Structure formats: C-alpha cells, structure tokens
Amino acid sequence: MSIVEVDKVSKHYGTVAALENVSLSFADGEFFGLLGPSGSGKTTLLRSIAGFVEPDQGDIRIDGAPVRDTPVHRRDIGMVFQNYALFPHLSVFDNVAFGLSVRGAPRREIAAQVAAMLDLVRLGGLQERRPRELSGGQQQRVALARALITRPRVLLLDEPLGALDKRLRQEMQIELKQIQREVGITTVFVTHDQEEALTLSDRIAIFNEGRVVQVGQPNEVYERPATAFAAAFLGDANFFTGRAGSPNGTGSLGAGAPRRVLLADGDAILTTSPLPADGEPVRLAVRPEKFEIYRSGAGPAAGDAMNRLSGRVLQAIYSGSSITYKVDVRGQEVTVFEQNRSAQPFPPGEAVDLVWAPRHSVPVEP
Amino acid sequence: MRIEQRRRFAILGLTAPTYLWLALTIFLPLSVMLYFSFLTVAPIGNREPALTFAQYGAFLDKEFYRFLTWRSVMMGVHVTLGCVLIGYPAALILAHHVPNRWREALFLLIVLPFWSNALVRIFSWTMVLRENGLIDRGLQAIFPDAPSVGILFTYPAIIVGLVHSYLPYMILTCYISLQAIDRSLIEAARSLGASNLAIFRRVLLPLSLPGLLAGMVLVFVPVIGSFMEPRILGGLEGVTLGTVIEDQFTAVFNWPLGAALSFILLAIVLTILAAAYPLLRRNLQPF
Amino acid sequence: MKGLLKSLVSGYLALVLVFLYLPIAVMMVMAFNQSPLYRLPVVWDTVWFEELAGNERLLGASLNSVVLALINAVIATALGTMAALAFARYQFRGKTLLQILLFPPITIPWLIIGTSMLILFFWTGIGRGLHAMLLGHVALSLPYVIVVVGARLKSFGVTLEEAAATLGASPWQVFWRVSAPVMGPGIVAAALFAFAVSFDQFVISYFLAPPGISTLPVEIYSAIRKGFTPEINAISTIIILVSMGLMLLFARFSRFGGER
C-alpha cells in the first residue's frame, strides 16, 4: 500500500535528545517493530509519523511526499493507542464507524463496512455494546477495527498488547499478525517487549537513547547483535572481552576458518565472525542457550571446531522445561540455559565444562 | 514559533476570564479592605479620611476585642475537637467496618447535609434546643417532672450547632484518607502480631493523619469566622469576633474598625492555612 | 464478641446519622404542624405552605435566588470549564500559582470575603444588589467548577482527542464529537454544584443585599432575627429538599462520570 520513509529526523526536548538523526524506511506491507527501553525515542518516532510531534529536523515521507505540513487528521493513518482510547460515549459500532462518519460517508456504506470489519476482528454481534462492557482483548480488537476501517496508508500501533495479560497477549499476537497479512497494510509498532517484537515483526529497529542501534530481521538481530546494548536488550547475553588474533602467529587458521580471541589469562575463544586487526580489543557476546554444559572432562573435545571453557556451578535454577545455571568461569559469572533433557541438574559446586560452536561467538561494539 | 504563540494565546484566553473575575471579587476587595483598615473614617460621602493605626490600636487597647478574639479561637478549638471526637471514629467505621455495598450510600447520606443550606440547618436546631423544644419534651415524656434543660441561647448551643454544621466535612476528609489505606497493610500488621489497638496507633492513625489534620483546618477556619450561628443559637451569649465585625458593617457602620478586625481574623486564618497548605492541596476536593 | 462489636459499630453510625438528620427532620415535621407554637402531638396541616404562597416578600426572594443561581451556574461553568481545559491540556509556567489562587475563595471565611466585597463595591460605585451578589457567587463557584471539570478531564487525558484526529476528525469535529460529549457529565455536575453554591449562599448575599432586595437565605435570616414564624419552617423545608436533591443529582452525575 504505502512506503514510509524517515529521513534524518531529530527531536530535542530542551537538552534531551528524544530522536537523534534517525533514518528508517518501512516497505510496502511490512510489519515493522520499534523496540527499545522506555525513553529510547521509539514512541517519539511513532508520534512523529502520526503528526503529534513535529520533528526539529529531517523529513517524514509517506509514498514519497513529505508530511511535515499535513495535520494529523489529513495524514490518512490508522493508530491503535496503548490503552485503546475507545470513545466511552459511543457504542462499538459508532467507535468503528467514527473514521467513515467524520468523512461524511453515506449511512448504508458505513453499516456494511463496519459489519465487515467487525467480522474481520471476530466481534460480530457486539455492535451495540459500550467499550466498558468489553474485555481487554475485545477492546483491543475494536481499536484495531476502528483504525483499519478507513483503509489508512499506514497503521501505527503504540504498545498495542501492553495492557493484556500474558496468555491473551500471545493469542492476540497471532491474530494481529494474521489480520495484518490479510489487509496487507504497512504497519509500524512500538513495544518494549522483546518477545513480542521478535514474534510479530518482519523487521525490527532497536532504539537506545534516541538513536537506532540496529535494524534487521528478527533472527538477524537476535543471532548477530551489532552492539552490546542490542545483545543484552534483546534476550540475554554473556560477554567475554579479549584481543583479536594471536601474537605468536597462530591466530589465523586459514581462509574461512575460525579466528581466535585471546582472553586475559591465555584462554582463547574461537569465532567465525570477522575480527579487527590482530591485537585490537574485542568483545564477544554468547547467548545462554548456545552453550552445552558437561561434567568436567566429558563431551566433545576442544579444538578448531569447538570452544570449551571450564567452570564451577554457582547456582542451578530449575523451571520445569529448562534449567538456568549460573557458572563461575574464570571469575566471571556466566548464564547458561539448558533444555531439561536430563532429570538431574548439576548441583552447585560441581565442576563443569561449557562447550559451544565458534559461530555463536559474536563480536559486538561495546 | 507560531505554534508557541498560539499555545500562549490559548492559555491566556482560557484562564484570563476566571482570574480577572477572581481579581475583581476576591483579591482587589481584600486589598481595598486592608487600605480601609488604616483610615480614620470610611471615605464615603464627603468625609475626609486620614491614615491611622487607631483601628489596630483599638484592638490592642481594649481588652474587649482581645477577649472576643480569644473566645472565637476557643470556639474554634471546641468545635474542632467535637468534630474530631465524633467524626474520626465514624469515618473509621465507614471506611473499614461497613460492607462495600452499604458504604457508598452511607457516605452520601453523611455528606449530604453538608451541602444543604447552613442557615436553615442552624435554624432547625432552635426547635430542638429551646425550652419546651424537642429535648425537653422528650425528657418530660419519660420523667413528667423533669426540669427544662433547654440550652438555646447558651454557649453549648453554639457549639452543638457548629459541630453539626461541620461534622460532615471532618468525616469526609478523614474518610478519604482512611479509605485509601490498603487493607493488606492491616492484615500485614495483624500477621506480625499487632493487636487492634496497635494497628490503630501504628498503622491507621499515622496514615490517616493528613486527612485528619486537613479536616481540623477546614473546620477551624470557618468556625472562627462564623457570625450567623452564634447569633441564632447564642442570643446574648453569642457575641464573637464574627458578630462584632458583622455589626461594624451592618449596624454601627464603622467600616475601618470592621476592616481592621477582619484583617486580624484573616491574619489568624492565613497563618493556619499557610502552615497547612501542603495538606490542603491533597485533600481539598468538594466530593 | 464479634457480634457485640458489630452492633456497637452500626449503633454508633446510626447515632451520628440521627445527630445529623434529627434537627432537619424536626423542622420538616413542624412545617406541617398546624400549631404555630409547635404543640404536640402534631396536627398535620399544610397551612404554612398556604401562607407561604401568599407571602410576596418570600416569593420575590425565592425568585431572586433561583434566577441568581441559574445565571451563576451558566457563567461559572463556562469560565471554570475554560480554565480547567487550560490546566488539563497545557503545561506552563505559573500554573501552580494559578492553582493556589483558587484556594482563597473557598478557604477564607465568607465573612471576610463578603465584607471586603461590600467595601469595594460600595466605594467604587458598583454598588449592592443582585449584580453584586452574582459577582460574589461566581467567584465562590469557580474553584469548585474547575475541580469537578478538571477531575473529569484528567480521567480521560488527551488520547481520546488524539485518537479522533488519527481517524480523520478535524479539530472542530474532535471538539463536538469527542471532547464535548465526554466532558458532558462533568460539566452537568459542575453546573449543578455551582447552582447549589449560589442557591445556598447566605453570607455574601447578606452583605451585598441593599434594603428591599434579598435572596431566600437573607430573607430567612432577617425573619429569624425578628422572631420566627412557622412559615420559615415551610420555606426551609423546601430549600433543604431542593439543595439535597441537587446534591444527589450531582453525586449521580459525577459518579456516572467516574464509571465511564
């Protein structure tokens, strides 16, 4: 339907930068997630696209045309608010009909379209209810129907599922994605929930302190975080710091083969990712579920294909389907996440080895 | 820049009418009254006023005025105490011992009289308190030879009437702060072994203190400025600072003296309000 | 033990309610008692209400009270709603000061406010009369209107208006289709409250009433001071029923607001 471009947009409140030179482009029909902690600028960007916030610098274009001088009500957007902002004085029908009604659409057309839209969000039969008589999930669907009925060029979602409990949220995620596919509308949504962002988005932008830290598909962003912030914010991460290569010439093991990162005390970690020149400082991130944990000395041997570090179990946290270990590795606490395959977790104090493939060691910017 | 200008224009346009109105009817009159309190005579007609401290001097010289002020303050203290003693327990019961479905209706029932005409309510007491009034007749119905206990036109009658007038306000402020106390706090205290008395002293009272204090201020302040209640219920006993001020404006026509006495009253009131401002801000809601 | 406590507790509340309502009830009964000397047992009669119907002074004062309360409600609600909108929708310097300035009209004793108005109005030639009372009543009503409407505005915030804008509503449409209906119950509640403030106001009116013009409370006060007649019971009964009725309506509307 539409392409939205955000071009070098900045917005300052006093001395605080809410957005700092942000550029993003949302493709036609794309489901795009803006993810970040509160105050990171993601909501400011969403509200800038909607027209509630006027950027200090930069342009926002919808289908190539700058919208700077277009007031909110002429931007032809649909928006779902965090607490839905359903009109309390109007019925479900009138809420959904609102956008058509202010545009002066004929009654019959409104009735037909509202009925169709309520069917789409599976709310047929609730037309006459007031918003306060609906459950949270139903209110959410009314808000979505209301935003979609005018066939807007862009759909903006501000923490759309934030007010729902966990189970309902998971249900609604699937449904939201289905509806978006069906309608095929370019959708930008804001969330601070990493799982939600990964589940829903075609692409994700991670925000921190008004800047975009990383943009990519969910698996790219998760598997290959660009910065330490991105790695830690999206899921859990363990960090190892060292220096690239090897001073005694064994750093490179041939083209395409893993390279070494030397830790302070002589241990080394292999990675298949490109590294800076020999001797430069490197920070590696390893996700907790990438480790395999073995009794000391057991499991596959270390070598060119595998990393292996020894440690001692500090704590084992049993949570049914999985076990989370805190392991002391060379004085550093490392989090390890293991599927519960063996019925007997390692007890605290047990000496263990952590083994993982070199491709799971990802160098990140500090 | 244009957005900022429009915003300022909107704020100014929306607030100016209210504050111009308040300036004309509250703040300007108070200033003019202050000016009047330093005059020898009111500058009305063709009298020539002069600046003087005589009006305030009269207050300092004549023991009568100091006595009246003392009396008004004591009246405020007595009424406030009466309201606290009757009102706080009522608020406590309402907030924590009345089942939910009754609470709102009972609350409304208690607050309702407060928002009805004060003059009429005071007047209604004359029928209860006077000789051969309701109390007397009730007593005589049981003890045919009982002497009259009519207290109309005495100091206690004034106190009864004023407590009746302001009790709902006290219950209101206490109830608001008591009701805001989470029940789990009480349960937590009980689980820690606190007795009912200990729960009251160490949990309920400290947490509801702001409401209690706000209620005390909101009762005390209007009471020391009251004149209609002492007049109707106190008769000759009902001379207070308030009634003397009223007389200066409606009977004696010594406006400068009335203004000076008003300002002494206002000074007492403002001192109390300023001290209690942080509490008032939180509690001053009309419902 | 628990049962005893329970009955003590409800007994206490009942006593408080008796204290609050007893004198009012007595007055109402006496309004229907034929005897002008309040003899018992009560002989039910509406003679005092009939007398009232022929009392030109009281009727004139009643008319003044109602008209004054109506105009007061309109002006105070309009101005107060505007100010409440400014407080709810904008952040600006001096806002706290402006809010503090709302305290004097409700916390300074009416005696002081009334006499100072008398001085200013008399001195400047504004004079006494219904217009002067109106000036005073609106000043007393404004803080309440601002609080009541403000509470309503606060509970909805600006998102409803923003939502309407994203759906294509022009600012004009936003106001008429969303802001006004949503604020509606709050505005009705505020207007009822303002009406009651004026209708019950005695002190300010008393000082600003010139000879020959009065409102109901002022008329009652002078009647009481002259020595009361049972007619006062009758008119007082009417007043108290009116103001309690207004407040019940107010409670309905403001709670109605809270729910939605």
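These are my notebook entries on the cores, cysteines and one sheet of this structure, which is a predicted model.

**Entry 1: cores**

I began with the nonpolar cores. The largest one has 174 residues. I asked which residues have the most contacts inside it, and found Phe227(B), Phe202(C) and Ile220(C). I then looked up the neighbours of Ile220(C), leaving out residues up to four places away in sequence. Ile220(C) touches Leu119(B) and Val120(B) in chain B, and in chain C it touches Ile232(C), Ile235(C), Ser236(C) and Ile239(C). I also noted a second, separate core of 39 residues. Among its members are Leu19(A), Ile60(A), Ile77(A) and Phe207(A).

**Entry 2: cysteines**

Next I searched the whole structure for disulfides, and the count over all chains is 0. Why does Cys83(B) have no bond to its closest cysteine? Its sulfur lies 9.7 Å from that of Cys174(B), the closest cysteine sulfur, so the gap is too far for a bond. A disulfide needs the two sulfurs within 2.5 Å. Looking from the other end, I found that Cys83(B) holds the closest cysteine sulfur to Cys174(B). Are these two buried or exposed? Cys83(B) is buried at 0% relative accessibility, and Cys174(B) is buried with a relative accessible area of 0%.

**Entry 3: a sheet in chain A**

Last, I traced an open sheet of 5 strands in chain A, with antiparallel pairing. I wrote down the order as S13-S12-S11-S14-S20. The edge strands, S13 (268-271) and S20 (362-363), each pair on one side only. Further in, I checked how S11 (residues 238-244) meets S14 (residues 281-286): 6 bridges join them, and they run antiparallel. For Phe240(A), the bridge partner in S14(A) is Leu284(A).

Terms used: Residues numbered from 1 in each chain as written. Chains lettered and ligands numbered in written order. Predicted model: local features only at pLDDT ≥ 70, side-chain atom pairs only at ≥ 80, totals over all residues. Heavy atoms only, no water. Core = buried A, V, L, I, M, F, W, Y, C linked by side-chain atoms within 4.5 Å. Buried < 20%, exposed > 50% of the residue type's maximum accessible area, 1.4 Å probe, protein only. Contact = heavy atoms within 4.5 Å. Pairing = 2+ DSSP bridges. Helix = DSSP H or I, 4+ residues; strand = E, 2+ residues; numbered from the N terminus.
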